Amino acid sequence: MTPARAGILLAAPALCVIAVFFFIPVAIALALSVTDFDIYALADIANLRFVGLRNYIDLLSTPLFWQALGNTLYFASVGVPLSIGASLGAALLLNSRLAWARGFFRTALFAPVVTTLVAVAIIWRYLLHTRYGLINYGLSRLGFAPVDWLGDPHIAMPEIILFTVWKSFGYNMVIFLAALQGIPETLNEAASLDGAGAWARFRHVTLPMLGPTLLLVSILTIAGFFQLFAEPYVMTQGGPAQSTVSVLYLMYEMGFKWWNLGTASAVAFVLFLMMFAVTLVQMAVARKVVPP
């Protein structure tokens, strides 16, 4: 048996699983996106009709879609840098020679990642409650008026961003920590002997060595932040004034609230194209910035 055939045989089980649970569902969803599949077609497939690109055209002419797209872009453009910055800062602190109880802090900072998203979202919703929340109670003790954290359209999304960063930054922190521990200490020692300070060593030694890791983390983080759904679903239900409706939340409502499954599939592929385009831009920038 040739090595190529052996490799194909070894990879065949995994490829079959990927085909069954990824490629086939994606192909079916793509087919649904060009039909008017709704609750009537769900009851009787004979009611299914081919509509071509009408779902996409109608979607692009829907104001709620553009608002959801703007909310998603705002969430990602603010949340991704905050998440990456927090994870990198935490990793640098844990990797510092001055750090103590590293095992405890590494576990404590990573703990939110493994908690159930819905459970902690409910806890945060009660912490931010206008009348009974612990945060507003603390503000009242300091003489401040209570703040409607999740009921004000101007601050509801920032609160969701803060919650998401807290929930997810520990995952990237572990990746950065592993990358930092893989940087040869001799490079920093040589830079110190040349008179480089802490900032100069971070800028000219640490950051270039972290280039591939930063690219990986940015791609994963953007992909995760574009899939905003559970946080607004649990904490705000898309409100107030639809200020926290995301593209994925809109897809859920179209598919499972209004039963427009064809349009919901179109939303899913628009979101996929957005994420694919952003990833291509990141890869293009990385080729110029990240050294080979």
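Reader: How much accessible surface does the protein chain have, and what share of it belongs to carbon and sulfur atoms?

Author: An accessible surface is read as a total first and then by the atoms that own it. In this predicted model, the protein chain has an accessible surface of about 17,100 Å², and 72% of that area belongs to carbon and sulfur atoms. Burial can be read beside it: 36% of the 292 residues count as buried, where buried stands for under 20% relative accessible area.

Reader: Which secondary structure elements make up the protein chain, and how many of each are there?

Author: One counts the elements and then follows their order. Here the protein chain has 14 helices and 0 strands, so that its pattern along the sequence is an unbroken run of α, written α-α-α-α-α-α-α-α-α-α-α-α-α-α. Taken along the principal axes, the C-alpha atoms fill a box of roughly 75 × 75 × 30 Å.

Reader: Among contacts between residues at least 6 apart in sequence, what percentage joins residues at least 24 apart?

Author: Such a percentage is read as a statement about separation along the sequence. For the protein chain the value is 66%. A single residue can serve as a local example: Val-34 is found in the loop between helix H1 (3-32) and helix H2 (39-43), and, leaving aside residues up to four places away in sequence, Val-34 touches Arg-49, Phe-50, Val-51, Gly-52, Asn-55 and Tyr-56. Of these partners, Tyr-56 is 22 residues from Val-34 in sequence, while the two C-alpha atoms are 8.3 Å apart in space.

Reader: What is the volume of the largest pocket, and which residues lie nearest its centre?

Author: A pocket is read by its volume, then by its lining, and then by the elements that supply that lining. The largest pocket has a volume of about 620 Å³, and of the 15 residues that line it, Asn-95, Glu-185, Asn-188, Arg-201 and Thr-206 lie nearest the centre. Two or more lining residues come from each of helix H4 (63-95), helix H8 (156-181), helix H9 (185-193) and helix H10 (198-209). By class, this lining holds 5 nonpolar, 6 polar and 4 charged residues.

Reader: Which element gives the most to the lining of the second largest pocket?

Author: The same steps apply. The second largest pocket holds about 320 Å³ of space, and its lining has 16 residues, with Thr-164, Ser-168, Thr-221, Gly-224 and Phe-225 nearest the centre. H4, H8 and helix H11 (211-226) each supply at least two lining residues, and H8 gives the most, with 5. The classes of this lining are 7 nonpolar, 7 polar and 2 charged.

Methods: Residues numbered from 1 in each chain as written. Predicted model: local features only at pLDDT ≥ 70, side-chain atom pairs only at ≥ 80, totals over all residues. Heavy atoms only, no water. Helix = DSSP H or I, 4+ residues; strand = E, 2+ residues; numbered from the N terminus. Contact = heavy atoms within 4.5 Å. 1 Å grid on protein atoms, 1.4 Å probe; cavity = no way out; pocket = protein on both sides within 12 Å on 5 of 7 lines; lining within 4 Å. Points joined across faces, edges and corners; volume = space filled by probe spheres on them. Nonpolar A, V, L, I, M, F, W, Y, C, P; charged D, E, K, R; others polar. Buried < 20%, exposed > 50% of the residue type's maximum accessible area, 1.4 Å probe, protein only. Areas by Shrake-Rupley, 256 points an atom, 1.4 Å probe, with all protein chains shown as cover.
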